[in-house]
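Here are a few exercises to work through with the model open beside you. Try each task on your own before you read its solution.

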Amino acid sequence: MTRVTDETFLHEDNAALIFSSLKFRHLEVKNRLFRSNLSGMFDEYNGYGGHTRLNWEEKFARGGVGCIISSYTPVAVRGRILIRYAMIDDDDKIPFWREIAKRVHEYDCRFIMQLSHSGRQQDMGGVENMFKKAQSSTSQKDYFHGILAQAMTVTEIREVVEQFAQGARRAKEAGLDGVELHGANGYLITQFLSSGINDRTDDYGGPVENRARFVLEIVRAIRREVGPDFHLQMKINGVDHNNWLYPWKKKGNTLEDTLTICKMLLDDGKGVDAFHISSGSTFPHPRNPPGDISTQALVRWYGGMLASGVRTRFNYAIFNNPVTGRLFQWLWRWRRGKVIEGINASYAKYLRDEITKIDPSVKFLCTGGFQHAANIAGVIRDGSCDGVSIARPLIANNDLPQILRTANGPIKHKECTYCNKCLVNDLANPLGCYEVSRYDGDTFDEKWKNLITSVMSVFQPPLFR
Amino acid sequence: MNYDPPTPAERVLRRYRWLRYLVALLLLLIAVYYLVFVNQYVVAYRNNLDHFKYGSIGSEPTNGIPILVFKALAVMYRNELGPTGYRRFGMLYETEQSELPIGMSRRIVTGVERVWLNCSVCHVGTYRINLTDKPTMIYGAPSNNLRLYDLLKFFLKVAADPKFNADNLIAAIDSPAVGGHLNFIKRLIYRYIVFPRVQQALMQLSEQFAFLGSQNQDTSSGLHYGPYFDWGPGRVDTFNPYKAIQFNFPMDAKHITETELNAASNFPSIWEQHPRDGMNLHWDGNNTSVDERDLSAALGAGVTPVSVDIASIKRIRAWIWDLQPPAFPIPSAIDQSKVTRGRQLFAEYCAGCHGMKDATGQYDYDTNRFPGLGQVDALDKIGTDPGRWQSYTQNFAAAQNTLYVGYPWRFTHFHKTAGYANQPLDGIWARSPYLHNGSVPTLRDLLEPAGNRPAKWYRGSDILDTSKVGYRYDGFGSALEDLFVYDTSVPGNSNIGHDGEVYGTKLSPPDKDALVEYMKTL
C-alpha cells in the first residue's frame, strides 16, 4: 500500500483492498463487497420462490459482488413482513434456494440466507395472518404503524427458536454458504434485544443478558442443526435510536448493550462467525436505510398498509398534509444527521475493536450507504469492518463492483441519491431504482421510459420463452 | 358464527371510534365556541376618516345593543321620536338611506351584531351658511347637534316602559322599516336571550342614572336627589355619569352638591393633538397625557377596560395627532382691513394664554413662547362657572387612577387642579359656543362683559353667524319645539368669568370687532 499523504490513498490501493478476499472462519469471499439483504415482492404468495427472484439475485452476482445476503427470508409465515417474499418455513422451499445457489455460484459469488422473523413489524401480514396479532416480545403495538402485537409465551418462543434452526438446516441443505440472523432494524430478534421494546418480566426480559437469551438460544439451536463449520453471522444494531419518531419513547440499546450481546453470541467460539452492523430499532428508520424520505411516494404507495395497523391512517394523514408532510420529512432528515455513507462505521469500529481482542477470527461487516471506493477502503483500513454491505447503490448500479475497480464511484448523475423511493415503491411496485434524475433522456418522458425499462429488466429473461 | 369478524386492528379502531368522534366533536365545539362566543368581528375600514366615523373602539361588547333592537326602538317609539328617528337626538346620518348615524359602530359579539358609540358621535360638528344649505360636516369639531341627554333619557324611558316587551320588540324587528325577517330560531333567541338581556341592561342603566330621572323627588329607595338639568345639544356632563357608572359613587343630595352635580360642558375639538400632548387637557386640565385622555373618553363612549379595542383607538389617535383644523368657510366674510389690528390686539391680550399663528401662518403651540398656554388658571382668577371644576373631585381622580389596572396603559396622570386650563384656539370658529360650559354663543359676545352677554338664548343651531362667529342663537330657521333654551341662571350654565381688562372685555367695540375678524383666521 502506498500512502501518498495522510488519509489519502491512490485509487489502485483502495481497489486492491476492496478486491482482496475476505476469509471468515468457514467461508471465503472473493472481495469485500456484500449485497445487503434486498427483497422485492417477486415470489409466490405462499412463499415459494419465483423465477423473478432468480433473475434478481443473478443481476448482482453478475455485477461482481463477492457475496449476496438473501432477501429477508421468513422462517415462518407469521414472521413475514410483506407478502410475496420467498420463505424458508418448510423443506419444500429447499429446491428453490438450491437453484439460487447454483445461479449465483456460477459467478463465484457466495450466498448467505438472512433468516428473519418480523415479530410485530409486520407491514403486510397477508391473509394467512389477517386475524392474528403479530408475535413479539411485548404486547405493546408497534409505535410507527400501530401494528398490534401479542407477547409470545415461552412455548411460542421455543417454537420460533426451532423455526430458525430448521431454516438454517434447510439453507445448508440447499447448498447455501451461510446464514445471517436478522437481529437488527426492529424485527423480532431486535424486539427481544432492545431495552426500548422488550418489557418482559420473565427470563427473556429485563437485563441485557436476559434480553439476549432468545437469540442465544437461536444460535445454539442453529449450531445444533448445522454444526460448527457452517457460516453463521448476526446482523445487529450498534445503537437502537428507538426514540427517533416520538421523543418520549425509550432510547433502546446503547453501544455498550450491543457489545455485551455480541460477546454472548461468541458463545466461547461456538457461536457466530461474524457481525453485520446496522442501526435503528424500526424499519424504516432515518438511519436505515439512511437518506431522504419522499412524502409524495408515501402518499402514493403507503395506502396498501392502511389495514395493517391502528396508526396507519393517522400516518397517511400526516404524509398527505403539505405542512405535516414537510415536518415529517424535516424530522426524518434531522434524526438521520449529516452523514449517510458510513453512518454506522463508528459503531462497527468500537464493537470490532472490542470483539477482536477476544476472538480475532470474528469478522465484521458494516452497512450504510456505501458507494465510493475511498470510503469503503477507508472503513476497512481503519478497522471499522472487514467488508461492507450495500443495498440501494447496487439497485441503482448493479455493476457497482466493476465501477469501483476503475473509479472511486459512479459518475455524478448515476450515483444513488439515497432518495429511498425504491424503499417506498417496494410496497406496491417491482423493486428497482425510481429516481428519475438518474436516467438518460432529454425529457421527462424519455427518462421515465428508461426508468421503466430498468425496473422491468428484473423480469428478463421470462420464464417461458 | 360471524363469518366477517374484524381483524385485530379493526377491532381496536372500532373500540376507539367513539373516542375519535368525541375528540372531533369537542374540537368542533371548541371551534364554534371560539368563533361565535369568543372571537368578535368588526367592519374594517381602509380609510382613517371612515374608521373614525364608523370603526368600533370596543364599546359594543358591554354596552352595545343589537342593531335590530336599535332600529326597532325607532319604530316602536315613532310617536316620541318622530319620523326622523334618532336624528331627533342630533345624530348625523350621512344620507337618507344610511343604516347607522356617524358615531355608531358595529361589532358581532356572541353571534349577534351589536351597535354602540364611538369617538365621532361627540366630535363631528356641522355648519350651514344659509338655511337651505346641506349641512357641512366638520370632522374633529365638537358636536353642536348631539342631544346626548335626550338620547339617554329615551333609553331610560324604554327601560321603564311596559310597552317594551318581547312581543312588541319582535313585531317591530319584523316590520318592513327594520326588515329583520327573524326565523323561528332567531325569534326564540330574541325572545328568551336578547330581549331579557337588553331590558336588564337598560334597567341597570336606569339605576345608575337614578339622579337623572328623578330630580328633586323621593324615589322608592328613599334617596333624595338634587335638581339635575338637561345638558342641551352639544354638551355632556363628563364626570358625574362616569362616577355613577364606573365607580357607583352615591349621587344623592346627601353626597353631592347641586353645583358639583350640574357640570355639563361643551364637547371639545380633537384636532392637532400632537402639540397638545403634555398640556393640561380636559377643561380643568386634569390630565397631561393625550393617550389617557383618549382612553378615558372612550370609557365615556361605552368601552370597558376589558372590551377596549386598543388598536382601533391608537389608529384614531394617530389620525387626530396631526389632523388640521378647518379653515373659516367664507374667506370673503373676513374683513382683512381689521385683521392686522386684530392680530396686534390678540398678541397683546390673548396669545400669552392661547398661542397664535406665527409669521408662516402655522399655529404656534410653543409653551416657552406662550407661558400660559396649556396651563391652568385658578378659578378665582378666571372666574368662570364653578360647576365643571367642582364636579371633578380628589376622590374621583384617585378612583380614576385605578382604571386599567394590570395593563401598560393604566391611568396614572389624573389629578385635581385649581381651575380651568388655557387652550390653543386653532379652528376656534368651529368650536362655538364658548367657555367650557358653552355659555356664550359667539366670540363677539365673549368679548363683552358678562353682564352684556346673552342671558337666555337658543342653543343647537348649525347656521353659522359669520360676523359674530358662532352658531345663530336667535332661533332662526328652527321649529319652536326643536329649540333648546339655554338659561345662564341654571346651575352650571353661568356665563360669567373670562371678563375684565386683561380679557379684552373693556376694549372699544371696533377693537373687539377687529379681534373677532382675526380669530376667524385661526
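**Exercise 1.** Find the residue that stands opposite B:Ser105 in strand 4 of chain B, then work out which strands pair with strand 4 of chain B.

*Solution.* In this predicted model, begin at B:Ser105: the residue facing it in strand 4 of chain B is B:Trp116. Next, look at strand 3 (residues 104-109) of chain B, which runs antiparallel to strand 4 of chain B, with six bridges between them. Strand 2 (residues 65-66) of chain B also pairs with strand 4 of chain B in the antiparallel sense, here over two bridges. One place to see this second pairing is B:Ile65, whose bridge partner is B:Val115.

**Exercise 2.** Decide how many residues of strand 4 of chain B are buried, and find the positive phi in its hairpin with strand 3 of chain B.

*Solution.* Take burial first. Strand 4 of chain B spans residues 112-117, and five of its six residues are buried, so the strand is mostly covered. Now turn to the hairpin: two residues sit between the strands, and B:Thr110 has a positive phi near 45°.

**Exercise 3.** A:Asp108 and B:His498 both have a positive phi without being glycine. Locate each one and say whether it is buried or exposed.

*Solution.* Start with A:Asp108, whose phi is about 55°. A:Asp108 belongs to the loop between helix 3 (94-105) and strand 7 (110-116) of chain A. Count its neighbours: there are 12 other C-beta atoms within 10 Å, and the cut-off for exposed is 12 or fewer, so A:Asp108 is exposed.

Then move to B:His498, with phi near 50°. B:His498 is found in the loop between strand 16 (484-487) and helix 21 (509-520) of chain B. The count here is 22 C-beta neighbours inside 10 Å; buried needs 20 or more, so B:His498 is buried.

**Exercise 4.** Place the cis peptide bonds that lead into A:Pro461 and B:Pro433.

*Solution.* In chain A, the cis bond links A:Gln460 to A:Pro461, with omega about -10°. A:Pro461 falls in the segment after helix 17 (444-456) of chain A. In chain B, the cis bond runs from B:Ser432 to B:Pro433, and omega is near -5°. To find B:Pro433, look in the loop between strand 12 (419-421) and helix 20 (443-446) of chain B.

**Exercise 5.** How many residues of each chain are in contact across the two chains, and what classes make up the chain A side?

*Solution.* Eight residues of chain A contact six residues of chain B. Sorted by class, the chain A side consists of five nonpolar, two polar and one charged residues.

Note on methods: Residues numbered from 1 in each chain as written. Chains lettered and ligands numbered in written order. Predicted model: local features only at pLDDT ≥ 70, side-chain atom pairs only at ≥ 80, totals over all residues. Contact = placed C-beta atoms within 7 Å. Nonpolar A, V, L, I, M, F, W, Y, C, P; charged D, E, K, R; others polar. Helix = DSSP H or I, 4+ residues; strand = E, 2+ residues; numbered from the N terminus. Pairing = 2+ DSSP bridges.
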